[in-house]
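Colleague: Could you take me through this model, starting with how its parts are divided?

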Amino acid sequence: MTKPRVGIFGLTGCAGDQLVILNCEDQLLDLVGALDIRDFLMASSANDTECPLEVALVEGAVLSRRDEEHLLRIRERSQLLVAMGTCAVWGGVAAMDREVDRAALLADIYGPAGAGYDTTPARALHEVVPVDLHLSGCPIEKEQVLGAVANLLNGDLPAFPDIPVCAECRMAEHNCLLIEKGAVCCGPLTVAGCQARCPELRIPCVGCRGPASDASIASALAMFGERGIPREAIAAKLRTFAPVNGH
Amino acid sequence: MGTIRVEHLARVEGHGGITVELEGGAVRRVQFDIFEGARLLEGLVRGRSYEDVSPILSRICAICSVAHALTSIKATEKAFGVRVSPQTELLRDLLFLGESIESHALHLFFLAVPDYLDYPSAVALAADKPGAVQLGLRLKKLGNLIQETIGGRAVHPVNAVPGGFGRLPSLDQLITLRQALRQGVADCGATLDLMASLPPAEFCHAQTVFAALLAGEDYSYYRGDQVAVLSNGAREIIAAAAYRSLTNETPAPHSHAKHSCYWGRPFMVGALARLTARRDVLNCRATEALERLHLVLPSDNPVDNNKAQAVELVADVERALALAERLLKEGLAEERGVPVVPRAGTGTAVTEAPRGLLFHSYTYDEQGRVLAADVITPTALNAASIEDHFRHAVRQNAGSEPAALARKLEMIARAYDPCISCSVHLVRQGDAT
């Protein structure tokens, strides 16, 4: 079997999802053996920036014309484009409050020099190009990316659970921060896959993985209402990491 | 006239490049280009509750996410007059060490060492020297284990909050950590062997101004409020709250990072600056490692920052082991974080991220909502110094072929361990003093 040609790219973001790949210390050498990684600027200075790719993994949001052109080029050369991480899938923290006047913010921060900067309001990848697969998480979980690669190597598209963090939290029998403490926990509405990392540590979920499509929104809102948590407070939390409308 | 360009600097975190224009034999223009998109995060946290600030601003950078999260928390606690327990401070020290070990291992083995041995990447290096790459992976994993144990996640820690921690590590987790750290000590010896075997990188010499946080008798990355600026034997101290006198920034048209100078001179932050400023408090492992790598302080070679990171890596593992042993011996008190009561005011915190000084400064209203936030990152502080060292290197290597010179400049930039995502940050224009 020929190894699939893969590119790993970062648009504007924190590089956390690429770092998660490099953090697969036990699997990394096997991973790079199973794939033909042609273009990975964060890890290599010998990259083929033109060749066609079977799979492109792209993290970060589109925040400049340069990002947009880069993403269009990646799309052109790739069979499958995978949006990797919450910024790529949902816009991420840079996209919150997109309606804020960017020019004013730039002028405020950089002075007159800011006017010349190449910067645009943050967009998720699907707002610019068609995306074949979404891996959400801030950052993505190792198991997600390893599972996705294993599936793709077998010619399958990976399927991820669309249940909320709440489900994983209850399975693990953690105390409920919302019911017992009245904490503003986004677990009922946020997509699972993190094994309820934060509630396990008694920290309310901040919604960093984006919304779950299989969440029971009406009952979650009723539960928040019963505990005196206004709808706007929940909405503001969810908009922090996942401000962009669905893909 | 000729131009040397590195369009897109590889093996760094974020998006940057190098431009050097020559005219005759003279250097006309030198630029460390930063074209990472501006996310304007400090502007976007305005109006948010104090609880939201650290999770949002840790997203400035993944590799420094512990430093951003804990510096953010330290600034918020200062603004509210919160004093955390000594146990919380010890755990924060340990969490910082985890980040430093992971970050230094990633930088040394995956980003920097391939340069010395003429490989494009650690993956290519692994084909010929698998042991060296596996060594780096083990040390990286050790740093991540600390971050997972104390911070709850290797990238963007979730367990540290204003006042303390969500949940304390269990006894079993600490025992596992101690075991891993004991094994890590042997890997540190092998790291020094590898670093000592690398060919010399002597192509840029310049008297350098250094700036680093002082942390008393300790080599803590987290504690302390005073920054030392070292210049040609002189030493000046600046309090964290007066950070603007150090970070006096001017926007540069070619860069989304602002340039910092101290009395008109660029300065270097990071491992080499820390070792130089803290020579009096190095542990014996660090002193041995300095000798082993023939690193004489102060160094006039910026590429020595790689050696300095190796020295810190060795000392970090030793300190993390001592901390884990102490926590196991004394036992963890099952304490909840101290209460956090918002009040109006400003808090400024400084710490040492793996790549150098990091400042977070916030002003809150009486409800604990952000009125203003300012973050100054190490790579933004280093940007002017990187360009200054480029200029010296171009002059000192006038006979080099353009391609060879470009590689040298890349090595200099990479030695700073630049984190370009970090360097794109917001600084409010009118505030600069």
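The exchange below covers two domains of one chain and a sheet of another.

Modeller: This is a predicted model, in which local features need pLDDT of at least 70 and side-chain atom pairs count only at pLDDT 80 or more, while totals for chains, interfaces and linings use all residues. Residues are numbered from 1 along each chain as its sequence is written, and chains are lettered from A and ligands numbered from 1 in the order in which they are written.

Colleague: How far apart do the C-alpha centres of domain 1 and domain 2 of chain A lie?

Modeller: Chain A is divided into domain 1 (5-153) and domain 2 (165-241), with bounds from an automatic or database domain assignment. Their C-alpha centres are separated by 27 Å.

Colleague: Which helix gives the largest share of the side of domain 1 of chain A that touches domain 2 of chain A?

Modeller: The contact (C-beta atoms, placed from the backbone, within 7 Å) takes eleven residues from domain 1 of chain A and nine residues from domain 2 of chain A. Helices are DSSP runs of H or I, at least four residues, and strands runs of E, at least two, numbered from the N terminus. The largest share on the domain 1 side, three residues, comes from chain A helix α4 (residues 86-90).

Colleague: Why is one side of β1 and of β3 of chain B left without a neighbour in the sheet?

Modeller: In chain B, three strands form an open antiparallel sheet in the order β1-β2-β3, where pairing requires at least two DSSP bridges between strands. One side of β1 (2-6) and of β3 (26-34) of chain B is free because each stands at an edge with a single partner strand.

Technical notes. Two residues are in contact if their C-beta atoms, placed from the backbone, lie within 7 Å.
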